[in-house]
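Please find below a colleague's note on the structure, prepared for discussion at the bench. The points concern the ligand and its surroundings.

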Amino acid sequence: MGSSSKMNLNELKGLAEVAARQAGDFLNQSKSEKKQVYKEEGRDIKLIIDQDTEKLIRASLQAKDIPILGEEYGGEIADEKYWVIDPIDGTANYFRGLDECCISIALMEGVEALIGVIYNFNNNQMYTAVKDHGAFLNNKKISVSDIASKNKASITTGFPASETIESSMNFLENLKGWKKVRMFGSAALSCAYVASGKCDYYAEKGIFLWDFAAGICLVKEAGGNITYSLIDKDRYEVIASNGLI
Ligand code: IPD
């Protein structure tokens, strides 16, 4: 029996929070340094500091015997507990000095989300949730908004990764009728914004599990709905809402 078997979910959430804060300190300290790109593919950009940050988070979590799936160094979805890490969600924003980026750490069991930690190190906003124990921003309970009509609501989204005429037209069609449309460039923060009532709806096609895994627990524990389905080998369509729209 490994050491994680002795830790309850609240303790594991504490561990993820410490890992996220350490990683956030590192990313804040490194902001003014020149950032090395190691891969650019389509709209995706990958930085050496994504890798360095994931190593740091893995080192903090690895003391426990829970397998890890991370954006940079891979891993597997498992039936038993496993961590899902995005060392920087919103890498392009971090690269360009925009503050819409965060560290995202989830604990999953199969497809069930047990813990979600999303840390925007730029403004010290720590979103946390544990299954059946509510969702919090900097230790204050949060809940989804109570806005029930689209014409009063804010949607957050991302432009679809595949740019066919059809996908672009569908995308535009789905933006009709909302009061406000926002594109933050971070799926994890978009989920955190729905969970904390700053936005009312989030929809995006073509994102990876590590982009939204922590958001699953946060949105559910804040009283919202979140659905996700695989649209190809490893990309998902995700819809999160306050449950009223
Ligand atoms: C990106 C963000 C963004 C989404 C992109 C993702 P990354 O994640 O989540 O919101 O639109 O598709 O790749 O690469 O910065 O971790």
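The numbered points below describe the ligand site in this predicted model.

1. Location of the ligand. The ligand occupies the space of the largest pocket. Its shell consists of 13 residues, among which the closest are Asp 86, Asp 89, Gly 90, Thr 91 and Glu 204.

2. Polar contacts. Three contacts with oxygen atoms of the ligand deserve attention when the model is inspected. An N or O atom in the side chain of Glu 204 lies 2.4 Å from a ligand oxygen. For the side chain of Asp 89, the corresponding distance is 2.7 Å. Ile 88 contributes through its backbone, with an N or O atom 3.1 Å from an oxygen of the ligand. The protein buries 83% of the 380 Å² that the ligand exposes when taken alone.

3. Composition of the shell. By residue class, the shell around the ligand comprises 6 charged, 4 polar and 3 nonpolar residues.

4. Contributing elements. Strand 4 (81-89) and strand 12 (201-207) each provide at least two shell residues. Strand 4 accounts for the largest share, namely 3 residues.

5. Domain origin. Which domains supply at least three residues each to the shell around the ligand? Both domain 1 (3-142) and domain 2 (150-241) do so.

How values were computed. Residues are numbered from 1 along each chain as its sequence is written. This is a predicted model: local features need pLDDT of at least 70, side-chain atom pairs count only at pLDDT 80 or more; totals for chains, interfaces and linings use all residues. Side-chain values use heavy atoms; hydrogens and water are left out. A residue is near a molecule or strand if one of its heavy atoms lies within 4 Å of it. A polar contact is a pair of N or O atoms within 3.5 Å; within protein, one must be able to donate a hydrogen and the other to accept it, and residues adjacent in sequence count only if both atoms are side-chain atoms. Accessible areas come from the Shrake-Rupley method with a 1.4 Å probe; for residues, only the protein chains shown count as cover. On a 1 Å grid over the protein atoms alone, a cavity is a set of points where a 1.4 Å probe fits but cannot get out, and a pocket is an open set with protein on both sides within 12 Å along at least five of seven lines; lining residues have an atom within 4 Å of a point. A molecule sits in a cavity or pocket if more than half of its atoms lie within 2 Å of its grid points. Helices (H or I, at least four residues) and strands (E, at least two) are DSSP runs, numbered from the N terminus. Ala, Val, Leu, Ile, Met, Phe, Trp, Tyr, Cys and Pro count as nonpolar, Asp, Glu, Lys and Arg as charged, and the others, Gly among them, as polar. Domain bounds come from an automatic or database domain assignment.
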